[in-house]
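Visitor: I am new to this structure and would love a close look at one part of it. Could you walk me through its pockets?

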Amino acid sequence: MLTYDLDARGGLSLYEYLYRRLRDDILSGKLAAGERLPSKRALAEHLRVSVITVEGAYRQLEAEGYVDARPRRGFFAAQVDRRLPAAEAGAVLPAAEPPRSWRLDLKSGRTDPSRFPSALWARLTRQVLSEGEHLAPVPSQGLPALREAIARDLRDFKGMTVSPEQIVVGAGAEYLYLLLAQLLGREETVFALEDPGYPKIRQVYGKWGAVCRPIPLDSQGMALEPLYASGATAVHLSPTHHYPTGIVTPIARRQALLRWAEETDGIIIEDDYDSEFRFTGRPIPTLQSIDTRGRVVYMNTFSQTISPSMRVGFMVLPPRLLERWRRELGFYASTVPALEQQVLARFLRGGWYEQHLSRARKQYRLLREAVLERFRLCPFAASLTDRGAGLHFLLRLNRPEDDEALRQRAEGLGVRLGFLSEYASLPNPAYAHTLVVNYAGLDIAGLDEAEALLSEVFRP
């Protein structure tokens, strides 16, 4: 008769403890496959527990497939794989490295969290929660109200005539890159990427298994001759304000890129990152707004304009890709929570987004002027390139050490730097000794400390 020390069950109920011991005996082979278990009444009397306790344990074993119940015959141990010996004790999983705290970080594109409209956002969130709209299902492409608000914003401030039906909302740019790669197809698509360019673009496409061809830049953006020679069928670029060089692609080059797409039956992915922060002149029209043949997929996010932690982005599909999207990828559920979409839709519809952007532009303009003035006068600065837009600029250094040596010295002092050479797939001596300075996380009061730290990094 099976015997178990029920006093050793600790905090487990009798039924749970008995179930576990029987399960372990079946897995270890102590109860062989096909062996009959004691009757419920007999085991209950032997262990001095109730029949209900034994019956509960047997029924749980039956539900999980450890025993077979045979009418009028009882319960029998099922055929299962025997449990393998446990891995050696002491194996410890490595803990994830906590994010490092930097005394100065000029590499991250982080923005000042104090600029987030917390009070208004909380009020809109309470409204949505009180009305229960966040409990309604969200279509695959995103909340209709949010897509309508985005379409209206694109029309009013970017001159783009798009239907809400063309818009797909997703959890940030990287997620949308991956969806686009799936839509265009791994086998039939070769991606042309700006070089230098944002590294995560090639990382996402590369991990998907797509072929990526780096295309060098000239003074007007992506160079045409290497593009034609690359055999690419899709181009991913940022014509309004390239990251990290800041180049603005002029109208003649934009028209030439559209001709390339028409001649090769290609697709252009316009990544409009950072375009909202333009401090001189009028806003630059998007490439999508002059596309008359449906060749451009437009992409943007609210990461820079509202908060990086929001992880809300969107893309505008041309009609030629919209039906394919719905047919092949429409099964995907929306990856942005309904509550966040409802609040963002109200934020856009109420006109608060444009007010927020206007305030942010004024604040960043003042910060930019102070930072540029200070960095131009630094003893380690050879030259400074600023395009009057975006939240970063290029700073050419007059130091002879290579970029890696300077980066390591900076890290030793708690300073995080990004060099232009890190953004390039193809080595180019012209990119050396140049910092990509993301200034949005700085503050005017801390510029003295920032300059002192950089002077220590770049000491002669």
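Visitor: To begin, what volume does the second largest pocket have?

Guide: Happy to show you. Please keep in mind that this is a predicted model. The second largest pocket has a volume of about 360 Å³. It is lined by 24 residues, and the closest to its centre are Phe157, Lys158, Ser275, Glu276 and Arg361. To find your way around its lining, look for α5 (144-158), β10 (296-301) and α12 (352-376), each of which supplies at least two residues. Among the contributors, α5 gives the most to this lining, with 5 residues. Sorted by class, the lining of the second largest pocket has 11 nonpolar, 6 polar and 7 charged residues.

For context, let us turn to the largest pocket, which has a volume of about 750 Å³. Here 28 residues form the lining, and those closest to the centre are Gly109, Glu174, Tyr198, Lys200 and Tyr273. Two helices to pick out are α6 (173-184) and α7 (199-208), since each supplies at least two residues of the lining of the largest pocket. The largest share comes from α7, with 4 residues. As for the classes, the lining of the largest pocket has 9 nonpolar, 10 polar and 9 charged residues.

To return to your pocket, a good place to start on screen is α5, which gives 5 residues to the lining of the second largest pocket. From there, look for Arg361, one of the residues closest to the centre of that pocket.

Notes. Residues are numbered from 1 along each chain as its sequence is written. This is a predicted model: local features need pLDDT of at least 70, side-chain atom pairs count only at pLDDT 80 or more; totals for chains, interfaces and linings use all residues. Side-chain values use heavy atoms; hydrogens and water are left out. On a 1 Å grid over the protein atoms alone, a cavity is a set of points where a 1.4 Å probe fits but cannot get out, and a pocket is an open set with protein on both sides within 12 Å along at least five of seven lines; lining residues have an atom within 4 Å of a point. Grid points are joined across faces, edges and corners, and a volume is the space filled by probe spheres set on the points. Ala, Val, Leu, Ile, Met, Phe, Trp, Tyr, Cys and Pro count as nonpolar, Asp, Glu, Lys and Arg as charged, and the others, Gly among them, as polar.
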